[in-house]
Amino acid sequence: MYNKLFLLGLRCIVMLSISYFLSALVHEFGHLLGAAKQGGFLLVLRVGRLIFPGGKNRPWLWKGRKVSVSPGCCVVLCSGREGYIEAAAGGSRANLYLSMASVCSGLFLSAAKIPMNQNIFLLQGLLAAVSLFISLVNFLPIEGSDEAVKRRLKKDEGYAEKFRIQQEKCLVLLENGLWEEVCLD
């Protein structure tokens, strides 16, 4: 009996970790897509310790040595303030879409009477829940959330200029090979 409970708990922890990683990855790609809609481009994207740099002369993927407080980071360079606003909104929007897609795919499989593995069902449910949670937290106007950054970018021109300069500093760091310094809090 204890072996079954242990294995069930271990399976839940593994599925929760996978859901968390996938939700963070989708969130950061949402920032990238938001920026790309406005003509921006990727400087570097980090999820956990995995780092995906943009540009042609950089390694495609590497494992960072330092661990950050936040689960992910997306640094983009946009031509204007609207690009950064759209990039800030893109992450939460992507998490909402992932949550809805996960629920809808589960409903479709159930309605089509397609047999579903328990692990897939558990992963879909956890993915929907974690993604929705990340989205809701980022919609709160608390310091550092995407919504707070978006509002501040819209209202405060000085902050928007500082934000743009910070992103340009990241480009300089990347061009000089200081990979680890760019995307850590």
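Reader: Which residue of β4 does Val 47 stand opposite?
Author: Keep in mind that we're looking at a predicted model. Strand β1 covers residues 41-47, and strand β4 covers residues 72-77. The two run antiparallel, joined by six bridges. Opposite Val 47 in β4 you'll find Gly 72.

Reader: Okay, and which residue stands opposite Val 76 in β4?
Author: Stay with the antiparallel pair β1 and β4. Val 76 is one of the residues of β4 that point one way, along with Gly 72 and Cys 74. The residue standing opposite Val 76 is Leu 42.

Reader: Where does Val 47 sit relative to β2: which residue is opposite?
Author: β1 also pairs with strand β2, residues 50-53, through four bridges, and these two run antiparallel. They form a hairpin with two residues between them. In β2, the residue opposite Val 47 is Leu 50.

Reader: Which residue in the turn of that hairpin has a positive phi?
Author: The turn links β1 and β2, with two residues between the strands. One residue there has a positive phi of about 65°, and that's Gly 48.

Reader: How many residues of β4 are buried?
Author: Let's go through the two ways its side chains point. Gly 72, Cys 74 and Val 76 point one way, while Cys 73, Val 75 and Leu 77 point the other way. All of these are buried. For β4, then, the count is six of six.

Reader: What span does α1 reach from its first C-alpha to its last?
Author: Helix α1 runs over 2-37, which is 36 residues. At 1.5 Å a residue you'd expect 52 Å, and the helix comes close to that. Its reach is 52 Å.

Reader: Which residue with a positive phi follows α1?
Author: Look just past the helix, which covers 2-37. The phi there is positive, near 90°. The residue is Gly 39.

Reader: What do the buried residues of α1 pack against?
Author: Those buried residues include Met 15, Ser 19, Leu 25, His 31 and Ala 35. Their partners are both strands and helices: β1, β2, β4, α2, α3 and α4.

Reader: Why is α1 called oblique to α2?
Author: Two packed helices are described by the angle between their axes and the distance between the axes. Here α1 and α2 pack with axes 6 Å apart and an angle of about 140°. Roughly antiparallel would take an angle over 145 degrees. The angle falls short of that cut-off, which means α1 and α2 are oblique.

Reader: Is the crossing of α1 and α2 left-handed or right-handed?
Author: The contact involves residues of α1 including Leu 22, Val 26 and Gly 30, and residues of α2 including Gly 83, Ala 87 and Leu 98. Where α1 passes α2, the crossing is right-handed.

Reader: What about α2 and α3: how do they lie to each other?
Author: Their axes come within 8 Å and cross at roughly 155°. That crossing is left-handed. Among the contact residues are Leu 96 and Leu 109 of α2, and Leu 127 and Phe 139 of α3. Angles over 145 degrees count as antiparallel, so α2 and α3 are roughly antiparallel.

Reader: Which helices help cover the buried residues of α4?
Author: α4 spans residues 146-155, and among its buried ones are Asp 146, Val 149 and Leu 153. What covers them includes α1, α2, α3 and α5.

Note on methods. Residues are numbered from 1 along each chain as its sequence is written. This is a predicted model: local features need pLDDT of at least 70, side-chain atom pairs count only at pLDDT 80 or more; totals for chains, interfaces and linings use all residues. Side-chain values use heavy atoms; hydrogens and water are left out. Buried means under 20% relative accessible area, exposed over 50%, partly exposed in between (1.4 Å probe, protein chains only). Two strands pair if DSSP finds at least two bridges between them. Contact means heavy atoms within 4.5 Å. The expected span of a helix is 1.5 Å times one less than its number of residues. Axes are lines fitted to C-alpha atoms, for helices over the stretch in contact, and angles run from 0 to 180 degrees between N-to-C directions. Angles under 35 degrees count as roughly parallel, over 145 as roughly antiparallel, 65 to 115 as roughly perpendicular and the rest as oblique. A crossing is left-handed if the near helix is turned anticlockwise from the far one by less than a right angle, and right-handed if clockwise.
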